[in-house]
Structures are given as structure tokens and as C-alpha cells.
Amino acid sequence: MTEALVVVEDLHIHFGAARAVDGVNLAVMPGEVLALVGESGSGKTTLIRAIQGLTHPTSGKVLFEGKEADARHLPDVQMVFQDPTGALNPRRTVSEIVAEGLRIEKFKGNEAEAVSTALSRAGLRPPERFLRRFPHEISGGQRQRVVIAGAMVTEPRLLLADEPVASLDASIRGEILGLLRNLVDTTGLAVLVVTHDLGLAWNIADRVAVMYLGRIIEVGPTEELLDSPKHPYTKALLSVVPETRGMEQQILSGEIPDPKRIPSGCRFHPRCPVLQSGESERLGIAERCRGEDPAIISAAATREAACWAVKAIAVAG
Amino acid sequence: MTALLSVRDLTVTYRTSQGEVPAVRGVSFELEPGGSLGLAGESGCGKSTMANAILRLLPAGITTTGEVLLGEEDVLTMKPGRLRAVRWTGAAIVFQGALHALNPVQRVIDQITEPIILHKTEPDKKAAEKRAVDLLGQVGIPANRAEDYPHQLSGGQRQRVLIAMALACDPDLLIADEPTTALDLMVQAQVLAVLEKLRAERQLSMIFITHDLSVLTYVCDRLAVMYAGRIVERGPSDQVFERPTHPYTRALAAAFPTIGDRESRMNPSGLKGDPPDPAALPAGCPFHPRCPDAIDRCRDAEPPLLPSGPAQEAACILARP
Ligand SMILES: Nc1ncnc2c1ncn2[C@@H]1O[C@H](COP(=O)(O)OP(=O)(O)OP(=O)(O)O)[C@@H](O)[C@H]1O
Ligand SMILES: Nc1ncnc2c1ncn2[C@@H]1O[C@H](COP(=O)(O)OP(=O)(O)OP(=O)(O)O)[C@@H](O)[C@H]1O
Ligand code: SF4
Ligand SMILES: [Mg+2]
Ligand SMILES: [Mg+2]
């Protein structure tokens, strides 16, 4: 088996009373795209910052190639954020922006050549046309490609992307996603991408991990997980994707979950349709739903959901 | 049936240091009472400009021509006093990116009561407050949150306050510009369900703007797709989404894959080239430089919006029945 590039072990990150990440295990393999989806405020960005080494774990570990992750890994770990405009210095040319990562790592090779290669790979061809332009002289989609070129120039092994296409035009979105997938297939890069957009996961991800209130509550290969979700939260999430209109919508009610007050038992239980409908009662697990925390999903899990009902049904059937 | 809103040959031209920017170039459509029109199109194609022009909310110095008939009256030539009244009672707008538009030091209930008192649509302050609480209830915000300040609410809750506010004076038409784009899926679904309910219960007409076609198909009966300041395709929403006849609509529909569709798995679909610059549009069909189907004739003249199927129209010379 190939070695994991990143291993997250029983990670907890607290901000005061808020348990933003509350027990996460995760492995990212080289050459894979892993999509991290989940509700706003569920801890996705916090988890990504910890992998970058920018946020310190309250407890648990983040290992990058077996060593504790810290900001020194930066040339090997690069970031792409949602808003390309905010990420680019308006007074620098495209070529200076892309070269920045090389200068930080005191690159000894041919800088101009490395920059041109990165721009071409990011689909900005011919690179000479873009080298001397400033960010305001190129389109929004081209700006995001400059960000990707800047992230790729140091030939990182891991790319962390937080909503990389949310701010882009529908028509440009496909091109950027295609580019990312292509880089993964041709260079063995690993990508961990945070998104609200399940269509993006369908488009490029090998695996999907679903977060809810600081935990990964379901993980699996993209097709399996999106075609037949198991956890009630994932099911509800998929039912409200606008294009799955045949399905009956399960709009979750109740207060927005608060990491300062994580419910006892299964953290999803106050909003869970399975418990609310009496199904948990029938399965004989209602007490557990309310009082016993389902086991944390292990990093090695290929397909798993942290839910008593899923377990009960698997045992019965 | 007489139309509630009838927009005729609307044009909007911005003036910049680089010259004139024709952002809306001749748009016509009608909306019936209780009807809902979805407006799609990529960033910069003129959707917000048009929405603001309908209520004459664009800053001075911008040239607007054409007619915007709300009932019998033309909004574009209305007296200022009448216009102020129409803006709350006739038609109201939820602005794009307005989550920060709420006054941070005023309780949400007071922000909703204000226009009701100003326009005297309720007899007194007490009745206005009761109405505000009712409206908040209708958008799913419980009465005990009415006294909250905006920062005490989540993004989705604030978005719903903005919708409640737009409905304060019981308008006949609601224009919602990207009201769910910044929200996560579950909250987006909550907001869409609220709008759907209001439409069913109060015959509210709606213009709903976003670049996500699947959201529009979900909410609206009819759909119009804009490109470079014009409508390039329109028709019943299911039909436009499932059988688009304009190549641009096809690209837009493919950009948001259907989960489960094997063809789009590991195969994201995009559109080559850059969005058009409204200050320098290409000759002929403005879409031709990016169009996968373009032929020589596409460079000759800009195609008019003509029937492309039953009840469907497209501005493309290849999309004729
Ligand atoms: N520096 C901080 N101090 C205090 N609380 C924080 C801090 N950073 C994040 N949080 C809280 O931790 C939780 C998780 O936040 P995070 O930004 O990781 O969520 P997310 O899943 O990325 O959400 P979104 O999808 O909205 O970006 C939230 O409740 C947030 O308010
Ligand atoms: N005040 C202004 N002065 C000059 N040009 C403007 C101004 N406001 C908008 N524009 C231009 O007019 C065109 C239409 O803009 P508009 O905001 O209507 O687009 P949109 O379709 O709403 O886009 P988005 O989906 O990004 O909101 C764009 O090219 C924009 O750059
Ligand atoms: S463990 Fe119980 S409450 Fe939690 S998701 Fe499963 S069925 Fe619902
Ligand atoms: Mg985040
Ligand atoms: Mg807009």
C-alpha cells in the first residue's frame, strides 16, 4: 500500500469553549483529490489550516510524510483560496507573483523557465502574453489560474484549496476544475478541496469526507457516497441539491449548531430525521442516539458513517 | 391577463473613463401576476444592472432608455414621490451581496418596522410591529429573535431578514438578486422554501437572479438567459434547462453537473475563452468567439430572439425549429 502523504490523528482544535475540530482522523494519499464538504462552521477551514501548520492542535497530530506538520513544509504544501483578487498583490506583475514561492524557498534553478512552465500548465498560454501584466489587466478566471500557477511553481506535493471556484463564472469553473484534475493525474499531486458544491466533488474528487460540527461523520469513494449516502446528515444534504429534484427534500430545522455547545450522544441527534421520525426507536437505538457518541471514523476507513442507525442496519441486514 | 410588469426594449449604458459601456442592450419581457422569472447568465452580463434599472435605482449619469411598465405606469418617467411609494408597495428588491446592508446598531424588528411606518401601510406602530414579527415568522425566524441585532444572527438568518424587509409593505413583485449565493446548501434550501411558500400563499411575483441554472429551474416557472446585455434564450424553465437550444445555455447547464451523471464524472465541462468585454463586443453574434458550434455566418449579424421550439426562443441562427 502507498504511504499516506498526510495523516491526521485524533485532532482537536479548540478556540476557547468552541470545539471547532473535535476528533478528526484523516489520511490523504498522493495522487488523489479528496473533497471535504459540510455545513458552514463545521470546521473545514480550521482543519485545513492545521494541515498547513498554521493552527496548532489542542491535542492530536498532523503528520506530513510522517513528520509533524509545520509552516516549514510550505514549499511542499500550497494553498488556493476562494477569492483570487484578494490573494494577488495588485502592484506585482504576474511573473513576480508566480515567482514568489521560488524566491521564498531560495530556488537555485532557472526561475524564468520555472515560471513559464507553471503558467503554461495552469492554462495561461503562451506564458509571455501574461508575464508582464498586472492582476487588474486579466480576467477573474485568469487570476485564479495565476494563483494556481503560483501554488504549483514549487512543485508541491499537496494542494489545499478552499472553495477554489466559488467566486468564478459558471463557464470558467469547468476549465479550472479540469486543470486541477489534470495536474493530479500527471504529477501525482494530492488535493484536499473544501467546498459546499457537491457537483465539484462529482466532477473531480476520488473521495468525499463529510464534516458536521467538528467531526467527519461519513467518508467514502465519491460515486458510492454521493449515489448512496448512509449518514442521515449526508442524505439530507444531498436531498437539497437543487438538481436532485425528484427526491423528497429534507430541510433540517432547529437551531444552527454551535461548537460551543456540542450535543451529547450523536452530535447530529437534535436535528436527525431518523431519530425524529421514530425510526431510531424502532431500531432500538434511540437511547444511544441521545446519549452515546458514535465512534470516531478511523483514517484507514474506506467507507464508513458515524451513526448508530447505519450500524444497526448493517448488523441486522 | 394583463402583465404585472412589462419591460420593453430596456437599455442601460454606463459612462466610464474608457468610454461607454452598454451593459443592457435591449431587453424585453413580461411578467404575469403570481409569475416567476429566473434570470441567469455569467458574471458581468448585466443582470444586476437590469434589476436596478427596473426600480430606477441606478446612480445618476447613467443612460436608461425603453419602458418599464408596472401595471399601467412607466417607472422610468414616474414622479419622484410616486417612485418612492412604488419601490416598497409595488415592487421591492433584495440586493446582491447585501448581507452587510443591515444596520448593525438597530434591532432587526425596527429595521422592518421602519418602512411600514414610513409608508403607512399599517395604522400605527403597534400594528407595524405585529406585522414585522409576522413577516419574520413567515421567513422562519422565531419571534424571540426579532429583538436581536444583525451580528447575533447567522448569514442565512440575515438573508431571511432581508427578504422579510423587502416584503414589509406587501409588494406585488419581489426582485431577488443572488439571494442564496453566499449560503451553504441547507440554508439555501431553507430560503428557497420560504420564497416558494410566499409565492403560493400571496400570489407574489418574482424575478430571481443567479448564475446557477439549477437553482432557477427549482424556483421559477420561466427562465431567461442573458449574455452580453441581451436575453439569448427563454422559455418554460424545465424546458430551457433540459433542452437548451442556445449553445451558451448548453454550456451554462453543463457547468453544474448532475450528480450521478456518468458523463460528467471526472470530466468537468467548461467554456473556452473569456467572458465578453461589454465595451468592446465582437461583431455578429457576441457569443461566436467562444461558441463550439459557430460557423462563418455567425460573424455577420447579431441574431434576434426567435422561436427555437415550442414556447421557447433563442438568439442563435442554428437554433431554429
Ligand atoms: N480564530 C477563531 N476563534 C474562535 N472561533 C473560531 C476561530 N476560527 C474558527 N472559529 C469557529 O470554529 C468553527 C469552525 O470554523 P471554520 O471556519 O473552520 O468552519 P468552515 O467549516 O470552514 O465554515 P465555512 O463553510 O462557513 O467556511 C466556527 O464555529 C467558527 O466560528
Ligand atoms: N458603475 C459602473 N460603471 C461602469 N461599468 C459598470 C458599472 N457597474 C457595472 N458595470 C459593468 O456593466 C456590466 C454588467 O454588470 P452587472 O453588475 O449588471 O453584471 P451581473 O450580470 O449582475 O454580474 P454578476 O453575476 O457578477 O453579479 C459589467 O461588465 C460591469 O463591469
Ligand atoms: S446516530 Fe442516531 S441521531 Fe445520530 S445520525 Fe444516526 S440515527 Fe441520527
Ligand atoms: Mg471555511
Ligand atoms: Mg449581479
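## Around the ligands

At 44% relative accessibility, Q96(B) counts as partly exposed. Keep in mind that this is a predicted model. S48(B) is partly exposed too, at 23% relative accessibility; a residue would need to be under 20% to count as buried.

So what do S48(B) and Q96(B) coordinate? They hold the magnesium ion (ligand 5), S48(B) through its OG atom and Q96(B) through its OE1 atom, at 1.9 to 2.2 Å. Now look at where the two sit: S48(B) is in helix α1 (residues 47-54) of chain B, while Q96(B) is in the loop between β6 (91-94) and α3 (108-118) of chain B, so the pair ties together parts that are 48 residues apart in sequence.

S48(B) also turns up beside ligand 2. That ligand has 14 residues around it, and the closest are S43(B), G44(B), K47(B), S48(B) and T49(B). Here are some polar contacts to its oxygen atoms:

| Residue | Polar atom from | Distance to an oxygen atom of ligand 2 |
|---|---|---|
| C45(B) | backbone | 3.2 Å |
| K47(B) | side chain | 2.8 Å |
| S48(B) | side chain | 2.8 Å |

Over in chain A, there's ligand 3. Which cavity does ligand 3 take up? The space it fills is the largest cavity. Around ligand 3 you'll find, among others, H231(A), P232(A), C266(A), F268(A), H269(A) and C272(A). Further on in the sequence, the shell includes C289(A), C307(A), W308(A) and A309(A). What kinds of residues make up the shell around ligand 3? Nine are nonpolar, three are polar and none is charged.

Notes: Residues are numbered from 1 along each chain as its sequence is written. Chains are lettered from A and ligands numbered from 1 in the order in which they are written. This is a predicted model: local features need pLDDT of at least 70, side-chain atom pairs count only at pLDDT 80 or more; totals for chains, interfaces and linings use all residues. Side-chain values use heavy atoms; hydrogens and water are left out. A residue is near a molecule or strand if one of its heavy atoms lies within 4 Å of it. On a 1 Å grid over the protein atoms alone, a cavity is a set of points where a 1.4 Å probe fits but cannot get out, and a pocket is an open set with protein on both sides within 12 Å along at least five of seven lines; lining residues have an atom within 4 Å of a point. A molecule sits in a cavity or pocket if more than half of its atoms lie within 2 Å of its grid points. Ala, Val, Leu, Ile, Met, Phe, Trp, Tyr, Cys and Pro count as nonpolar, Asp, Glu, Lys and Arg as charged, and the others, Gly among them, as polar. Donors are N, O and S atoms within 2.8 Å of the metal (3.2 Å for Na, K and Ca); water is not among the atoms, so sites may look incomplete. Helices (H or I, at least four residues) and strands (E, at least two) are DSSP runs, numbered from the N terminus. Buried means under 20% relative accessible area, exposed over 50%, partly exposed in between (1.4 Å probe, protein chains only). A polar contact is a pair of N or O atoms within 3.5 Å; within protein, one must be able to donate a hydrogen and the other to accept it, and residues adjacent in sequence count only if both atoms are side-chain atoms.
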